[in-house]
Amino acid sequence: MAEQTITTALYKLYPSPRNRDRQLFAHEVFVPYPYALVDPPSYDPQGRWSLFAAHRLADGKNGQLVTFELQADAARFTARFTPD
């Protein structure tokens, strides 16, 4: 059965089945690579995180949205992430 979508003012989101926490957190990072492997646990987050397939409503761009509970985790992810 398909997961329920979440629509915000900026995105239409499809939750990853790997999420422990199926909620949006305050610190968001949009990855404009819909097929890139994004593994948030490998970036050693100290807080909770969630991953979504995302459709950005403003420009129709598809990608992934990673949300983090802590700003430091979002900054670490942004600094380390390179698309495969």
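This report describes the salt bridges and the aromatic pairs of the structure above.

The model is predicted, so that local features need pLDDT of at least 70 and side-chain atom pairs count only at pLDDT 80 or more, while totals for chains, interfaces and linings use all residues. Residues are numbered from 1 along each chain as its sequence is written, and side-chain values use heavy atoms, with hydrogens and water left out.

**Salt bridges**

A search of the whole structure finds six salt bridges, a salt bridge being a side-chain nitrogen of Lys or Arg within 4 Å of a carboxyl oxygen of Asp or Glu. Among them are the three pairs in the table, listed with the distance between the closest N and O atoms.

| Acidic residue | Basic residue | N to O distance |
|---|---|---|
| Aspartate 39 | Arginine 18 | 3.3 Å |
| Aspartate 44 | Arginine 80 | 3.7 Å |
| Aspartate 59 | Arginine 56 | 3.0 Å |

Aspartate 39 forms its salt bridge with arginine 18; because aspartate 39 lies in the loop between strand S3 (27-31) and strand S4 (49-56), and arginine 18 in the loop between strand S2 (11-15) and S3, the pair ties together parts that are 21 residues apart in sequence. Helices (H or I, at least four residues) and strands (E, at least two) are DSSP runs, numbered from the N terminus.

The salt bridge of aspartate 44 with arginine 80 links distant parts of the chain, with aspartate 44 in the loop between S3 and S4 and arginine 80 in helix H1 (residues 71-80), 36 residues apart. Aspartate 44 is partly exposed at 43% relative accessibility, and arginine 80 is partly exposed with a relative accessible area of 44%, where buried means under 20% relative accessible area, exposed over 50%, and partly exposed in between (1.4 Å probe, protein chains only). In addition, a network of salt bridges links Asp21, Arg48 and Glu69.

**Aromatic pairs**

The structure holds four aromatic pairs, for which rings of Phe, Tyr and Trp (its six-membered ring) must have their centres within 6.5 Å, with planes under 30 degrees apart counted as stacked, over 60 as edge-to-face and the rest as tilted. Tyrosine 11 and phenylalanine 30 form a stacked pair, at 5.7 Å centre to centre and 20° between the planes; tyrosine 11 lies in strand S2 and phenylalanine 30 in strand S3, so this pair ties together parts that are 19 residues apart in sequence. Both tyrosine 11 and phenylalanine 30 are buried.

The rings of phenylalanine 68 and phenylalanine 77 have centres 5.7 Å apart and planes at 45°, and the pair is therefore tilted. Phenylalanine 68 is buried, with a relative accessible area of 1%, and phenylalanine 77 is buried, with a relative accessible area of 1%. One aromatic cluster is formed by Tyr43, Phe68, Phe77 and Phe81.
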